[in-house]
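Q: Please take a close look at one contact in this model. Which residues meet there, and how far can the prediction be trusted around it?

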Amino acid sequence: MPRHWGMDLGPRRTRRFCAASGPPAKRYAARPSGAEQDAGHAHSLPQARPPRVTRKRFSSALSLPLGRGSGGRSWSSSSGPPETHCKTGTKMTDSKYFTTTKKGEIFELKAELNSDKKEKKKEAVKKVIASMTVGKDVSALFPDVVNCMQTDNLELKKLVYLYLMNYAKSQPDMAIMAVNTFVKDCEDPNPLIRALAVRTMGCIRVDKITEYLCEPLRKCLKDEDPYVRKTAAVCVAKLHDINAQLVEDQGFLDTLKDLISDSNPMVVANAVAALSEIAESHPSSNLLDLNPQSINKLLTALNECTEWGQIFILDCLANYMPKDDREAQSICERVTPRLSHANSAVVLSAVKVLMKFMEMLSKDLDYYGTLLKKLAPPLVTLLSAEPELQYVALRNINLIVQKRPEILKHEMKVFFVKYNDPIYVKLEKLDIMIRLASQANIAQVLAELKEYATEVDVDFVRKAVRAIGRCAIKVEQSAERCVSTLLDLIQTKVNYVVQEAIVVIKDIFRKYPNKYESVIATLCENLDSLDEPEARAAMIWIVGEYAERIDNADELLESFLEGFHDESTQVQLQLLTAIVKLFLKKPTETQELVQQVLSLATQDSDNPDLRDRGYIYWRLLSTDPVAAKEVVLAEKPLISEETDLIEPTLLDELICYIGTLASVYHKPPSAFVEGSRGVVHKSLPPRTGSSESAESPDAAPAGVQPSEQPAVIPTQGDLLGDLLNLDLGPPVSGPPIAASSVQMGAVDLLGGGLDSLLRSDVGGSPAMGGAGFAAPSTVVPANLGAPLSSGLGDLFDLTGGVGTLSGSYVAPKSVWLPAMKAKGLEISGTFSRQVGSISMDLLLTNKALQVMSDFAIQFNRNSFGLAPAAPLQVHTPLAPNQSVEISLPLNTVGSVMKMDPLNNLQVAVKNNIDVFYFSTLYPLHILFVEDGKMERQMFLATWKDIPNENEAQFQIKDCPLNADAVSSKLQGSNIFTIAKRNVEGQDMLYQSLKLTNGIWVLAELRIQPGNPSFTDLEVSRLFFFFLWLSPAAFLPLHHWYFFLVSHCLLPHFISFPCASVPSSTPCTAWGGIELLLCGRPYY
Amino acid sequence: MEKANFSEDRHTARVAVKPDFTWRNAVDAFRVNVIHARQQVRSPVTNIARTSFFHVKRSNIWLAAVTKQNVNAAMVFEFLYKMCDVMTAYFGKISEENIKNNFVLIYELLDEILDFGYPQNSETGALKTFITQQGIKSQTKEEQSQITSQVTGQIGWRREGIKYRRNELFLDVLESVNLLMSPQGQVLSAHVSGRVVMKSYLSGMPECKFGMNDKIVIEKQGKGTADETGKSGKQSIAIDDCTFHQCVRLSKFDSERSISFIPPDGEFELMRYRTTKDIILPFRVIPLVREVGRTKLEVKVVIKSNFKPSLLAQKIEVRIPTPLNTSGVQVICMKGKAKYKASENAIVWKIKRMAGMKESQISAEIELLPTNDKKKWARPPISMNFEVPFAPSGLKVRYLKVFEPKLNYSDHDVIKWVRYIGRSGIYETRC
């Protein structure tokens, strides 16, 4: 292609180029002046560097670590023999210990350590520690120091322990010598010594010692003294860090859990801290098994423990997921008093809990408003803390303002920068000011920003100028004032201010075309002082864009062209485009110029981007100038109002990390924490708003009522939020997707996936396609009638061999993920249950042109904890147009989160191309377990005890089956007939079934023979009484709806109120029968 | 969760816990990248090779905490401050010398207040019962268990069995007024941050209740007696926010807005508060700056005191910044002394005392060296320092009741002192 062009335009180009290369000296003159200014500028800013004095001091102190600084007296003693130190007394100064630098000191120390005099021994140990501190190797003294361990002097003991912690690892064999003393000390009558021993032992990371630690630790965990217990609690975490398996085998975790109920608040706090730390490294274990009772205990301890303990407890509370909005509210109520604590960390942790649980509260609630109001003052108060804490607070406020701008919208003034603020505080405040800027306060903000633009710190000034531009773009009414402010600033002629101002004015032009072009003249005056690429590019853009209004646009651009090859790529590209624009606007005068720039870009440049752009313009211009005009001068898309907002998924995650490092860095922990820890992505709790309608219909937004929605995925929009929180870490037993390399990308990928999901109807199975989601407890039978009947027809038509079913009903495969939405990967599938195991049968088809490989699958948390039991195994790469069938075994031990509808399952599939997301609904009968047959007596007893409100009924019309057929059909899907009787000619069937999470459903079916003239067994009505029992039964019922999808009974959803999703609540509430019924304990 | 604390010259370095964490390297990394960094410190949190360093500086001592995990950053800083407080309480100023002299003590303290990166009880009162510079006295068994129960107990800040012959308490209401005013006299932002510091010398375990003219409380009480509302309504103040020492029962404050507590022995900060409404600004500064040509500036500053004539403000200092290229200054002032301090680039005007509702003035001529520096002088704001014997927020202590049910002394027997001091915080007027 280049050759083609060369032939065409070659001669002309050469000629023009030569003609243009005559040097108009103007640019050259401008250059050195710019450089001079640079130098001057650097010179004028000595303040930006650290004070030289300090620096010098440090380095000299380092080079002479022992000889300087602390005054002559103590140092001068170094020349004396060591013995003199002992005589000088032990009272005031320890600094002398740092002074023995002579050779042979080890020997002297050895002698002293073995001295008979206690005082001398102590002195010697102090010297050893001092040497250790400055980095000298004193490990040779190990046996001698350990010998000093047997003492009743607590201070000496502490010193020896300190030594041990440091050197035990390098001398493991010798360290064994210390074990006996440790064990003995753990039984000392003095609790301080017991605690000291167990504390130190945990810090010695030698396997052999660790073994001996177990017994003393066990005793100390049950010590009568709370001081020892609280120390032992932390020791479990230490031990877990050394040897996790050991801790589990020894049952320390259970003991630690018991400590949460300890009578002493500090023990509780330390136990919580230890458990949280252990739980963090085992995300899937429900170690920190929080339930309403334990939460209550924590909240009580919160009022009593130290400030640090309060932080541990609050941080732990933040990980809890309340069952419903009421619980969330009651926790919030008890946490709010912490906002008045003097310790900023307590306040921030409380804010974290509140911000998180607020997600669950309905916005219409009075309490929600109260809470918002209560949050503002403490956040403002944080700004009067020490600067370092202010910084942490401001970084967090930055997040909070993005998540809930309403909290601080009236508090603009407190973010005004103070002259003496450290620079890091200033920059953060500025950022928040822009976020809070609105029409109401823009005048004040602008006045402030103008002040800041005259300060000293270059970064700060630049940011302030940029902020003015952002205000203009954000608040349209202020644009004019912003522009005039910027012009004022340009008049100051301060180099970097001018450049920054020009960059932002470019954005203002783009946002408000044809409004402020009158200022162009002023901008052009400063052309020569621009030396930064971004500013030059912006200026060139402005000249090119408004070429028709600038008389000497060609001259201006030509002047830039002089040093074309010295410019940065950004400027070169912009210059090329600008000149083409100019040419299209004033074709007659600028033909030469355009030739020149095109040849510079295409012939003399090594940069492929530049060359390509040059060729495209060239070709466009030579073939079809009209088209060129349309392309180059096309209307530009609007620029967005808010810049550098944190991406919403990340923001939600960061809100869960308020107060921690993640919130300071604005990065998820995985970005800066090594290893597997911290991989768990935290997520905000889902709003419960839509399903609380039965209790408070006014609280639920209209139209979300599931009963009114015939579509399959009515709440999908809401669910997207949940999908975003897709848990890439824990529950799956290590599919490739969880590999650390993906962690970082995951967030972005999810963001991308969101769009495609939003546009698509999520691929639900067609069997569910027409069905309606039935309503909550207040179901009117008639409501369900229509869809049910048609569906039943379908189902019962299918029936060939009734009663010979070997497994439960399996729906045909349906397309879950259409190829066009997944870059050529089509996934269809269905769920089945065979002999007690659930599987997901998938058909993967490659409809793309490239080979697919590296498949992996992952589920979001879901109502029943469904998770893949094995990785997705696609052994050979999937060639184009090839498909593969896979049966993916599932289990129900994953983590649990209530979904809406309950049987919604969100899935992420990864291959070598991308990650794709879809969601599907699984039929509930795959969760019916084989031992769901209840004993008759039990059934009877239970049946009577079920409260009325747990009951629902509806009918199914036109079911062409008799009682026996129904019974056997149901049995095929693990719904068992317990009894059958005939009442007034109607067959009554009593059924029971049990879900994987232990929830029982009992039903009564009444089969009314319809039209007697029909010869056979036509069933016209079915009555279902669904009753439920669950250990979680005491939870407010109306908050939970349970959508039963059962293909064996009905190919549709039948709804009935039901228990919550499996909860970790122990079976205490309902007494004997239910305990038996639950079958197995909850995990 | 590893925490280390290094002093300037590495004489004290200590790391609590974790594996594979070579603190020597960490110390070096911190020294090279933060302490001796080329540029000014841009953030108190630094991440070097996936290790995060938190630091605070006290004179020329750097205290740093180190971690590789996502720890609670606010807690770490609070802890570092607390560590400073504890060290100050034990051996006075934090200086290189003091740290060297007390390194064993510091080890011991750290061992006690930080376990595996988790801060433990760090109340100096409690710590001093069993960590002493003299070494541990041999304690009886009762004493030992008393120590442990105090360190871990609900009232970790006070020990049992304190006795005073004279029960006495001192309340200091210390406020700092912050102001940012435009040259035209418009208040851009103003707030008072106040502290109530209490020194208690009370026997036993006294239960205290503190009351002030908090608007919310007064309005609540006023509901009963209607006529009182009108009277006290004016005197009450709206508190934007307040925070309390950990001895105050926060849940009680939240529900009833009453401040009740068992105080630590000796001095402590009971509460901090912030107000922004109806602040009495003790001084008003009126600046006038005129540029006469390129080499001369004329500055006139008037200060007006705005409080009761019977009260006296003290230690008044007005600081008028001058350009960097100042060559000479002539000052005339009506009251006090004024001096041009070239090293600080400012005219400092000091007045020892000034009564309320008075006015004073200073005028100065500043000669400038001609420069070709294009950059304009940034005109930093004029700042002021002063001390006044009242609370600019209007806060009044209404009562502080003391109950000690076990010992036989009543509220009346306690001698109570209250003092109000208002100081300038950042009190600036732009010119």
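A: Contact means heavy atoms within 4.5 Å. By that rule, residues 24 or more positions apart make up 69% of the contacts in chain A with a separation of 6 or more. The model is predicted: local features need pLDDT of at least 70, side-chain atom pairs need 80 or more, and totals for chains, interfaces and linings use all residues. Residues count from 1 along each chain as written, chains are lettered from A and ligands numbered from 1 in written order, and side-chain values use heavy atoms, without hydrogens or water.

Chain A has 43 helices (DSSP H or I, at least four residues) and 15 strands (E, at least two). Of its 1083 residues, 58% are buried (under 20% relative accessible area, 1.4 Å probe, protein chains only).

Now the contact. Helix α20 of chain A (residues 344–358) and helix α2 of chain B (residues 73–91) have axes that come within 8 Å. They cross at roughly 170°. α20(A) and α2(B) are therefore roughly antiparallel (over 145 degrees). On the α20(A) side sit A:Ser344, A:Ala345 and A:Leu348; they meet B:Ala74, B:Met75 and B:Glu78 of α2(B). The contact residues divide into 4 nonpolar, 1 polar and 1 charged.

Next, confidence. Chain B averages a pLDDT (per-residue confidence, from 0 to 100) of 83, and 88% of its residues score at least 70. Among the elements of chain B, strand β19 (residues 382–388) has the highest mean, 94, and helix α8 (residues 226–233) the lowest, 45. Residues 1–21 of chain B stay under 50. Where pLDDT is low, the predicted coordinates should not be read in detail. The model scores ipTM 0.80 and pTM 0.64.

How values were computed:
Axes are lines fitted to C-alpha atoms, for helices over the stretch in contact, and angles run from 0 to 180 degrees between N-to-C directions. Angles under 35 degrees count as roughly parallel, over 145 as roughly antiparallel, 65 to 115 as roughly perpendicular and the rest as oblique. Ala, Val, Leu, Ile, Met, Phe, Trp, Tyr, Cys and Pro count as nonpolar, Asp, Glu, Lys and Arg as charged, and the others, Gly among them, as polar. Buried means under 20% relative accessible area, exposed over 50%, partly exposed in between (1.4 Å probe, protein chains only). pLDDT is the predictor's confidence in each residue, from 0 to 100.
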